[in-house]
Amino acid sequence: MPTQRFSSFRPGAIWPDTDGVHINAHGGGLLWDQGTYYWFGEHKIAGPEGNRAMVGVSCYSSQDLHNWDNRGIVLPVVEGDEDHDLVRGCVIERPKVVHNARTGKYVLWFHLELRGQGYSAARTGVAVADNPLGPYEYQGSFRPDDHMSRDMTILVDDDQIAYLLCASEDNQTLHISQLTDDYQRPAGRFERVFVGRYMEAPAICKHEGRYWFIGSGCTGWKPNKARSAVATSIWGPWEEQGNPCVGPDADLTFLAQSTYLLPVHGRPGCFLFLADRWHPENPIDGRYVWLPLEFIDGHLVVRWRDEWDLSFFDQQ
Ligand code: GAL
């Protein structure tokens, strides 16, 4: 049986990889590198324990954003070494890989919860590789700037300065931290933004000189209403602009939660909104909601579409 080839996105549908298996890369982040997209995500296992008993960070690659080859686990949990941060039973969430042009390294950041501690560790882990596919060498974990860090993402700005955005202070306030030149540690400067707003699931992009943000409220695996914001400096002030979603279940982010804003390579100004439909009772069945991001009258809009493809951007 030849495997199915795709030429469109079908948000929320089962999305088989080129082996015919539903993609297992939740809470993901994407990297474009030398003609290939790499999709890094949480590799979950089946059943109600599948969020906690995770295997590691998975990676898929694609040339067209539709058809994805499974490239395996690029950062596995560790077997046997009880003292290791990544011992099986730890939770690795929202992995993001960035390429550092100066060192040539690929740097993987993720939210780390230590085994048996629920969500109380609130740490960030870092691993480094010479190639997008790894192997990623674990560098350790920490609380950035000595503050809690849960849901997170990374942005590399036009001037190659990178920033970590993370839900801190028990999720109440988002922190934005500048990273060191090698992207492997916080550099020491950070700001508190969206103070007391319980902003989770941060996703960010830069478009026409401004920073655009989509996040969620704080309701665990249950969907809630997305929030958007814009700023002319990454440090703020950030102007909240409300729910960018339009269409069925728009008040529940189409039953999903933001994870990434993806610049489409070779199409300046074109971005995809990436979100997860979590299925905590069987996490490997979680679905992906990928939709075009529109910039209309100084606001973000994410409109539901049952099926669409990149030719959408030809009309923009
Ligand atoms: C969500 C968060 C997910 C995961 C989950 C655990 O709010 O966005 O990444 O941490 O909580 O309940």
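**Exercise 1. How far is an oxygen atom of the ligand from an N or O atom in the side chain of Asp 151?**

Before we solve it, some ground rules. This is a predicted model, where local features need pLDDT of at least 70 and side-chain atom pairs count only at pLDDT 80 or more, while totals for chains, interfaces and linings use all residues. Residues are numbered from 1 along each chain as its sequence is written, and side-chain values use heavy atoms, with hydrogens and water left out.

*Solution.*
- Step 1: Find Asp 151 in the group around the ligand, which also includes Glu 93, Arg 94 and Tyr 119. To be in that group, a residue needs a heavy atom within 4 Å of the molecule.
- Step 2: Read off the distance for Asp 151, which is 2.5 Å. A polar contact is a pair of N or O atoms within 3.5 Å.
- Step 3: Look at two more side chains. Glu 93 has a polar side-chain atom 2.7 Å from a ligand oxygen, and for Gln 257 the distance is 3.0 Å.
- Step 4: Now check how covered the ligand is. Taken alone, the ligand exposes 310 Å², and the protein buries 90% of that. These areas come from the Shrake-Rupley method with a 1.4 Å probe.

**Exercise 2. Sort the shell around the ligand by residue type.**

*Solution.*
- Step 1: Complete the list from Exercise 1 by adding Glu 200, Gly 220, Trp 221 and Gln 257.
- Step 2: Apply the classes: Ala, Val, Leu, Ile, Met, Phe, Trp, Tyr, Cys and Pro count as nonpolar, Asp, Glu, Lys and Arg as charged, and the others, Gly among them, as polar.
- Step 3: Check your tally against 2 nonpolar, 2 polar and 4 charged residues.

**Exercise 3. Which residue does a cis peptide bond join to Pro 237?**

*Solution.*
- Step 1: Go to the loop between β15 (227-231) and β16 (239-242), where Pro 237 sits. Strands here are DSSP runs of E, at least two residues long, numbered from the N terminus.
- Step 2: Step back along the chain to the partner, Gly 236; omega is about 5 degrees.
- Step 3: Try another cis bond, the one from Gly 134 to Pro 135, with omega near 5 degrees. Pro 135 is in the loop between β7 (123-129) and β8 (137-142).

**Exercise 4. Is Ala 201 buried or exposed?**

*Solution.*
- Step 1: Locate Ala 201 in strand β13 (residues 200-207).
- Step 2: Note its backbone: Ala 201 isn't a glycine, yet has a positive phi of about 50 degrees.
- Step 3: Use the cut-offs: buried is under 20% relative accessible area, exposed is over 50%, and partly exposed is in between (1.4 Å probe, protein chains only). Ala 201 has 0% relative accessibility, so it counts as buried.
- Step 4: Compare with Glu 169, a non-glycine residue with a positive phi of about 50 degrees. Glu 169 lies in the loop between β10 (162-168) and β11 (173-179), and it is partly exposed because its relative accessible area is 23%.

**Exercise 5. How far apart in space are Met 148 and Cys 166, C-alpha to C-alpha?**

*Solution.*
- Step 1: Find Met 148 in the loop between β8 and β9 (152-156). With a relative accessible area of 18%, Met 148 is buried.
- Step 2: Count along the chain: Met 148 and Cys 166 are 18 residues apart in sequence.
- Step 3: Go through space instead, and the C-alpha atoms are 8.4 Å apart.

Terms used
A polar contact is a pair of N or O atoms within 3.5 Å; within protein, one must be able to donate a hydrogen and the other to accept it, and residues adjacent in sequence count only if both atoms are side-chain atoms. Helices (H or I, at least four residues) and strands (E, at least two) are DSSP runs, numbered from the N terminus.
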